[in-house]
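Trainee: I would like a close look at one part of this model. Please pick a helix and take me through its backbone and its surroundings.

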Amino acid sequence: MALPIVATLLIALGLEIVSAWSPTGGYAPGEVECPDVSSLIRDGSSLSEREQDWVEARHKITDENLKDFLNHANLSDFDVEQFLSSSDHSITIGVAFSGGGYRAMLSGAGQLSALDNRTTGAWEYGLGGLIESTTYITGLSGGNWMLGTVVFNNWTSIEDILSGGDIWDLENPLYNPGGWNVLETSIFWDDVSDQLDEKEDAGFENSLTDPWGRALSRQFFPSYPSFGAGLTFSTLQSFPEFTNQEIPFPIHVAVGRTPGSQIISLNSTVFEFNAFEMGSWDPSVYGFTDLTYLGTNVTNGVPNNADDERGCIAGFDNTGFVLGTSSSLFNQFILQLNTSDLSGAIYQIIEHFLTGLSEDEDDIAIYSPNPFYKSTYAGVGDIAENDTLYLVDGGEDNQNVPLQPLLQKERDVDIIFAFDNSADTDLSWPNGSSLVNTYMRQFSSQANGTTFPYVPDTTTFLNLNLSSKPTFFGCDARNLTDIVEGTDHIPPLVVYLANRPFSYWSNTSTFKLDYSESEKRGMIQNGFEVSSRLNMTIDEEWRTCVGCAIIRRQQERSNATQTDQCRRCFENYCWNGDIDTSTEDIPVNFTTTGATNEENDNSTSISSANSVAPSKLWYQAPLLLVGLVAFFI
């Protein structure tokens with residue numbers, strides 16, 4: 001099997017792969033020379049210089065791509081070139097993909113494909129060009145699996161993943177990858193056991209997130225040696241697609257807590273991982289550490305062994321481990337497995353990690369030593385005084401859409417496309433609760449100056465069809481004065497798109513761990529239809545309305561008047577402030593345009609792969625027939 005492009009390039013340049021990957025060449029971290037800096041951590045008062053420089057270069061690309069997208073949006077009475085060239089302020093777009101296991105990964109993949117010009121038909125029948133115009137992209141849990149898979153496979157397209165067949169082979173659950181081939185499963189878990197022993201022998205503690213991350217890597221990184229055992233998150237700095245700013249800046253989200261504590265959105269510490277750093281903007285940490293040297297023993301950011309020739313550690317930031325950290329809630333599922341049905345090899349490795357784990361620790365990823373130990377930037381002693389940092393699933397604070405990184409005023413995001421594939425209702429559909437919790441968090445001590453537009457309660461989300469069709473929040477900055485009072489930061493406009501059925505029942509269980517090929521493709525296809533409003537058949541001006549939302553904050557900055565066309569779009573898609581808290585007739589069934597209580601063929605009860613409506617499927621459009629019928633069927 002061929003090596004991924006980045007590894008091939010490193011070899012061609014005469015460089016050892018381990019110079020960019022783990023220094024041991026495998027899963028275990030290893031000793032390296034410390035960088036010539038006074039500290040490995042910095043405070044959270046600004047973006048890192050590396051991110052600033054990267055985003056500045058990225059904006060030169062997104063500015064041109066956005067011009068193409070807006071021209072294609074057919075905005076009437078609007079001069080795109082004049083509007084964009086009249087300001088030296090680039091429009092910053094953020095896209096966020098929620099958690100929700102494989103449901104979120106596959107639905108998010110379809111949603112992303114509709115934004116990606118590389119997807120056949122996305123330009124004609126979707127929002128192709130939007131991801132090329134995007135500066136930041138975030139994911140957590142299942143959304144972070146999708147994002148990590150795409151990013152660390154050289155920014156591959158969803159279309160290429162489906163046509164390749166190796167990535168996202170979900171026919172068998174990840175704990176039993178060989179299916180009926182018990183030998184294949186046993187060999188894999190035996191290799192994982194050896195890898196984890198190597199990490200432990202190197203002096204680092206394992207948690208259940210370690211084997212979980214290795215199992216995920218088998219599905220996400222099949223082309224890498226040992227499924228990416230030596231692939232580190234900071235290796236992304238060496239990827240040509242990243243160094244050339246050809247992709248949005250990826251951010252993965254986790255939450256910090258100590259064993260036994262209960263996370264709620266108001267007291268959680270939200271951590272983020274990007275190519276350069278990991279850390280938190282929250283006052284409880286208010287600092288970031290160089291991701292490359294994660295695992296180094298430090299005191300207030302200074303390596304304890306800095307005088308040694310190899311006094312620092314690299315390779316701790318294994319990519320699978322980071323992706324597993326953001327989805328560590330699944331550890332609880334593994335703990336509930338009926339191990340009597342498992343093969344001996346699987347039983348033994350799970351039993352090994354169950355030993356000594358209490359109920360309070362079963363969902364924790366252990367980051368020891370703590371990179372923020374004795375940090376003077378941290379405002380909460382519980383984190384800085386502990387020699388171990390404990391991170392968990394990014395959705396455990398009930399903010400299942402990873403919005404916090406995009407709300408930081410230092411990133412100056414104008415608009416967020418929030419894709420919600422949560423399972424909030426009894427029938428496993430979203431109900432806006434993630435947005436509600438993010439809205440409430442801005443009034444807590446952890447807010448750190450972040451602001452978020454007004455949103456209604458979750459019952460209103462359902463009653464007013466705010467989760468069954470796209471909804472815009474924060475459409476008029478003039479109506480946000482109470483929120484921005486005391487700050488100089490207007491929140492981004494938020495475009496909320498929630499999972500709903502069109503051609504496939506996409507409300508699968510969060511804990512469903514295997515998907516047939518037809519199930520996988522059905523989920524992805526339905527995700528495309530969520531992004532595209534059923535391939536532009538529900539609203540032929542959907543792309544236009546998205547364009548109106550993108551330019552809104554720039555218009556407000558320049559006191560430009562909104563066109564009649566955009567006003568009509570906002571009347572259709574903006575939440576107008578109405579509230580409906582009635583619980584008597586909450587809609588539970590879907591129509592093409594919204595939701596209803598009436599009995600119909602589109603009932604949302606969980607079922608097999610049934611068609612929701614005999615609608616025009618996006619891959620059946622005439623221009624897409626070449627190659628794409630085989631792609632999806």
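Mentor: What follows starts with one helix and then turns to a residue in another. The model is predicted, so local features need pLDDT of at least 70 and side-chain atom pairs pLDDT 80 or more, while totals for chains, interfaces and linings use all residues. Residues are numbered from 1 along each chain as its sequence is written, and side-chain values use heavy atoms, leaving out hydrogens and water.

Take helix α19, residues 517–536. Helices are DSSP runs of H or I, at least four residues, and strands are runs of E, at least two, numbered from the N terminus. At Val530, α19 bends by about 85°. That bend is the angle between axes fitted to the seven residues ending there and the seven starting there. Arg533 also belongs to α19. Its phi is positive, about 55°, although Arg533 is not a glycine. Arg533 counts as buried because its relative accessibility is 6%. Buried means under 20% relative accessible area, exposed over 50%, partly exposed in between (1.4 Å probe, protein chains only). Of the 20 residues of α19, 17 are buried, so the rest of the structure largely encloses this helix.

Now Thr438, in helix α16 (residues 433–441). Thr438 is buried because its relative accessibility is 1%. Leaving out residues up to four places away in sequence, Thr438 touches Gln399, Leu403, Gln404, Leu407 and Phe452; contact means heavy atoms within 4.5 Å. The side chains of Thr438 and Gln399 also share a polar contact of 3.0 Å. Such a contact is a pair of N or O atoms within 3.5 Å; within protein, one must be able to donate a hydrogen and the other to accept it, and residues adjacent in sequence count only if both atoms are side-chain atoms.
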